[in-house]
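This report considers one helix and the surroundings of a bound ligand. Please keep the sequence and the structure in view while reading.

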Amino acid sequence: MSTLLERYRSVRSALPPHVTLVAVSKTRGVAEIKALHDLGQRAFGENYPQELREKQPLLPQDIEWHFIGHLQRNKVKYIAPFVHLIHAVDSAELLDEIEKRAAALDRTIGILLQVHIAQEDTKHGLLFEEASAIVRTWDGVRWPHVELRGLMGMATNTEDGTIVHHEFVQLRTLFDELAPLALALGQPFRTLSMGMSADAGIAVSAGSTMVRVGSALFGSRS
Ligand SMILES: *Cc1c(COP(=O)(O)O)cnc(C)c1O
């Protein structure tokens with residue numbers, strides 16, 4: 001069996017230097033996360049607000065926490081004090097809640113808009129037109145404590161790499177179209193979060209700047 005160090009090196013070395021690796025630590029214990037932190041990893045991703053809220057105080061404070069799961073409005077308060085980037089924002093109402101919590105804490109919270117690119121309709125996310133409309137009409141007065149940092153997407157769960165590649169390319173194309181508009185509005189729109197253990201390589205070849213990898217680092221989840 002490979003060690004954590006071997007898996008970390010192999011995942012990291014397969015990524016170009018400009019691609020950010022978010023280590024997905026959902027369901028993993030504090031000791032496992034600490035071990036990867038000891039090897040130098042700083043960005044970690046979690047899916048469940050309560051789980052993240054419990055782990056965060058027990059772990060090194062220089063960890064950059066990414067919230068990558070579907071986020072309900074009534075759970076924003078649990079992660080707002082420390083979260084670095086929220087990946088899966090899919091409504092203006094959720095943006096309003098993030099704004100409210102960030103303003104009360106006098107901090108700015110970065111977000112990515114989640115776009116629905118998979119063929120399955122089980123996955124959350126905005127339609128291309130909806131994401132585009134939010135970016136084009138980004139309201140800096142309504143959301144002054146929110147930073148629009150880019151887009152996130154999850155491809156169809158299939159063995160067929162052609163489908164996955166095609167979906168990621170479509171998201172990259174939308175990203176390239178929206179980036180100049182967002183940047184002109186003063187938003188730091190530079191992050192395209194796509195790719196997980198099974199499809200990180202395909203995502204990077206399609207132009208991902210951030211991958212979210214769990215099982216390839218920590219082993220499969222039970
Ligand atoms: C669990 C999860 C990942 C990581 O999945 P692995 O297959 O373990 O790499 C990435 N993104 C999201 C949104 C997830 O929920």
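The text that follows describes a predicted model, beginning with the helix and then turning to the ligand.

**Helix α1**

Helix α1, which comprises residues 4–13, has L4, R7, Y8 and V11 as its buried residues. Seen down the axis of α1, these buried residues fall within an arc of 100°, so they line one face of the helix. In general, an α-helix has 3.6 residues a turn, and residues three or four places apart therefore point the same way. R9 and S13, by contrast, lie on the other side of α1 and are exposed. The packing partners of the buried residues of α1 are two strands, β1 (20–24) and β8 (210–213), together with two helices, α2 (30–38) and α9 (215–218).

**Ligand surroundings**

The residues around the ligand are V24, K26, N47, I68, M154, M196, S197, R212, V213, G214, S215 and R221. Grouped by class, this shell consists of five nonpolar, four polar and three charged residues. Oxygen atoms of the ligand make the polar contacts listed below, one of them with a side chain and the others with the backbone.

| Residue | Protein atom | Distance to a ligand oxygen atom |
|---|---|---|
| K26 | N or O atom in the side chain | 2.8 Å |
| G214 | polar backbone atom | 2.8 Å |
| S215 | polar backbone atom | 2.7 Å |

On its own the ligand has 390 Å² of accessible area, of which the protein covers 91%.

Terms used:
Residues numbered from 1 in each chain as written. Predicted model: local features only at pLDDT ≥ 70, side-chain atom pairs only at ≥ 80, totals over all residues. Heavy atoms only, no water. Buried < 20%, exposed > 50% of the residue type's maximum accessible area, 1.4 Å probe, protein only. Helix = DSSP H or I, 4+ residues; strand = E, 2+ residues; numbered from the N terminus. Arc of directions from axis to C-beta. Contact = heavy atoms within 4.5 Å. Near = heavy atom within 4 Å. Polar contact = N/O pair within 3.5 Å; in protein donor to acceptor, adjacent residues only side chain to side chain. Areas by Shrake-Rupley, 256 points an atom, 1.4 Å probe, with all protein chains shown as cover. Nonpolar A, V, L, I, M, F, W, Y, C, P; charged D, E, K, R; others polar.
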